[in-house]
Amino acid sequence: MALVNEQFLKLSESYLFSEIAKKVNTFKVIHPEAKVIRLGIGDVTRPLPSAAIQALHAAVDEMGTEETFRGYGPEQGYRFLADTIIKHDYEAHGISFDPDEIFISDGAKSDTGNIGDILSKDNRIAVTDPVYPVYVDTNVMGCRAGDLQEDGHWSNILYIPCNAENGFLPALPRTRPDVIYLCYPNNPTGTALNKHELKKWVDYALANEILILFDGAYEAYIREKDVPHSIYEIRGAKQVAIEFRSFSKTAGFTGLRCGYTVIPKELNAYRFCGEKVSLNHLWNRRQCTKFNGTAYIVQRAAEAIYTPEGKKQVKANIEYYMRNAALLLEGMKATGLQVFGGINAPYIWIKAPRGLSSWKFFERLLFERHIVGTPGVGFGPEGEGYLRLTAFGKYEDTLEAIERMKTWKI
Ligand code: MLT
C-alpha cells in the first residue's frame, strides 16, 4: 500500500492563482459578453525582447547541426551565462562571485520551493505576512509548517506582520527563527526595503545564525537609489543569505523559464551535532540528482538580455510596466482608496474600503467592474482587507481599468 505525503492534504484545495483562475472562468461562463481586465496574477504581457528572440533562433540552429548540437548541459547551468550574470548583476554593484556559486534554473518559483530539500524539517521558519504563497505551501509539503489554525496561521511558522500601520516594514521577531524568507522589492505589497532596513536583517541573521532566503525576483523594478539591488550589497550577507533571481519579470521569461540562485561558498548551515555544512555543496548535490539543467537555447536567450541592445529592450519593457504602476497608483488614489507599493515594484496594494474583506472586494471588482485582482488574504492573514493589482497588464487595459474605477460607487 502506497502512503501519501499527508502534508499535502493540509493544503487548501488549489494554489491561490489556480483558484482565482477558476473563479474568473466561472464568471466568464455566466457573463460571456464582459470584457474582463486581468490584473491578478503577475504575468507579463510584453513579448520577449528581440535580442532574446534572435539568440533563441541562433541557438535552435546550433541544435540542428551535428557540430554544434548539445545534449545534457551542466546541471548548474552553462558557464557563459554564469559569467555574464556575475559581471552584470554583481560586479557592477561591487560584488564578486565564482561561477560555481551561481546555479541557473528554470525560475525562482522552483528554487524557492525546492530549497527546502536541503534544510532539516526541524527548522523554525519565519515569513513576512502577507507573503508569496510558495514559501508557506512548500514548507507545509516539507513538514515544517505544523497545522493550519482557524485564524489562517500555520502553527509552526513565525509570521512577521507587514501592514499600513507599520509602514510595511517587518520588525525583527522576538522569537528567533532558523530560516527567514524575505522578498524585496516585495510581492505582494509592492513595497521595498532600503539599505538601512535590509542591513538590520543581515546583522540579525549574523548575530543569531539565521539563514535568509532572499527572493530578488523584482530587482529590475527598483527605482530609488537607497534600495539595494542584491542582499550581498550588505556586508556579511554572504555568510547568511541565499539569493534567488528570475528572468521572468525582468525580461518576460514567465513562459520561457529561467532564473538563478546564488549560494555563496562561505554560507554554512549546521548538523544536529553542530558541525558546519556548506549549503553550496548540498544544493549542488541536489541539483545534480534532481535537475538536468535549463535548456541551452533558453540560457542563450537569457545571456542576450545583457547585451547593450538586450539591456535597452529590457529597460523599455520595465518602463512600460512602471508607467502602468504609476497610472494605477494615481488612479486608485484619485478614487479615494488607500494604496501602497508601485514605486520600486510592479504591484499595487490596495486597502479595501469600508472594512470589506479581501474576497468580497475581489468579487465586487470582478462583478461590478470586470477587473481581476488578487485578494490580499490569499497571501496570508495580514493581507485580509487588502487586494493586489499588477502593473504587468497592457497599457490600454490599465487605462481602461482606471476609467472603470472612476465611476464606481463602492
Ligand atoms: C504572482 O502573481 O505573485 C506571481 O506571478 C507569482 C509567480 O511569480 O510565480
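Helices (H or I, at least four residues) and strands (E, at least two) are DSSP runs, numbered from the N terminus. With those labels in hand, here are the views; please keep in mind that this is a predicted model.

**Figure 1. The cis peptide bond at Pro185.**
Pro185 sits in the loop that links strand E5 (179–183) to H6, and H6 itself covers residues 195–208. The bond to look for runs from Tyr184 to Pro185: it is cis, with omega near -10°. Most peptide bonds are trans.

**Figure 2. A second cis bond, at Pro130.**
Here the cis peptide bond joins Asp129 to Pro130, and its omega is near 10°. Pro130 belongs to the loop between strand E3 (125–129) and helix H5 (133–141).

**Figure 3. The loop between H5 and E4, with Cys143 and Gly146.**
Two residues of the loop are worth picking out. Cys143 lies between H5 and strand E4 (157–161), and Gly146 is found in the loop between H5 and E4 too. Although Cys143 is not a glycine, its phi is positive, at about 65°. For comparison, most residues other than glycine have a negative phi. Are these two residues buried or partly exposed? Cys143 has 37% relative accessibility and so counts as partly exposed, whereas Gly146, at 12%, counts as buried. The cut-off that places Gly146 is simple, because buried means under 20% relative accessible area.

**Figure 4. What surrounds Gly146.**
Which residues does Gly146 touch, leaving aside those up to four places away in sequence? They are Lys10, Trp154, Ser155 and Asn156. For Asn156, the C-alpha atom lies 4.9 Å from that of Gly146, with the two residues 10 apart in sequence.

**Figure 5. His370, a residue with positive phi after helix H11.**
His370 occupies the loop between helix H11 (358–369) and strand E13 (371–372). Its phi is near 55°, a positive value in a residue other than glycine. His370 has a relative accessible area of 22% and therefore counts as partly exposed.

**Figure 6. Asn208 in helix H6.**
Asn208 is part of helix H6 (residues 195–208). With a relative accessible area of 25%, Asn208 is partly exposed. If you would like a distance to orient yourself, take Phe244: Asn208 and Phe244 are 36 residues apart in sequence, and their C-alpha atoms are 22 Å apart in space.

**Figure 7. The largest nonpolar core, with Ile212, Phe253 and Leu389.**
The largest nonpolar core holds 97 residues, and Ile212, Phe253 and Leu389 touch the most other members. Which helix gives the most to this core? Helix H10 (residues 308–334) does, with nine residues. At least three residues of this core come from domain 1 (13–47 + 309–406), and at least three from domain 2 (54–306). In soluble globular proteins, nonpolar side chains tend to be buried together.

**Figure 8. The contacts of Ile212, and another core.**
Zooming in on Ile212, you will find it touching Ile180, Leu182, Trp201, Val202 and Ala205, along with Ile231, Val240, Ala241 and Ile242; residues up to four places away in sequence are not counted. Apart from the largest core lies another one, of 29 residues, including Phe103, Leu119, Ile125 and Val134.

**Figure 9. Where domain 1 meets domain 2.**
The chain is divided into domain 1 (13–47 + 309–406) and domain 2 (54–306), whose C-alpha centres are 25 Å apart. How many residues of each domain are in contact with the other? Domain 1 brings 29 residues to the contact, and domain 2 brings 42. The size of an interface is often given as the accessible area lost when the parts come together. Between domain 1 and domain 2, about 2,800 Å² is buried, and carbon and sulfur atoms give 62% of that. Tyr15, Asn344 and Glu382 supply 24% of the area that domain 1 buries against domain 2, more than any other three residues.

**Figure 10. The whole chain, for context.**
Stepping back from the close-ups, the protein chain has 12 helices and 15 strands. Its C-alpha atoms fill a box of roughly 60 × 55 × 50 Å along the principal axes. A compact globule of 410 residues would have a radius of gyration near 22 Å, so the 21 Å of the protein chain agrees. Buried residues make up 53% of the 410. Of the contacts between residues at least 6 apart in sequence, 73% join residues at least 24 apart. The accessible surface is about 18,400 Å², with 52% belonging to carbon and sulfur atoms.

Notes
Residues numbered from 1 in each chain as written. Predicted model: local features only at pLDDT ≥ 70, side-chain atom pairs only at ≥ 80, totals over all residues. Heavy atoms only, no water. Core = buried A, V, L, I, M, F, W, Y, C linked by side-chain atoms within 4.5 Å. Buried < 20%, exposed > 50% of the residue type's maximum accessible area, 1.4 Å probe, protein only. Domains from an automatic or database assignment. Contact = heavy atoms within 4.5 Å. Rg over C-alpha atoms; globule rule 2.2 N^0.38 Å. Areas by Shrake-Rupley, 256 points an atom, 1.4 Å probe, with all protein chains shown as cover. Buried area = accessible area lost by both parts, 1.4 Å probe.
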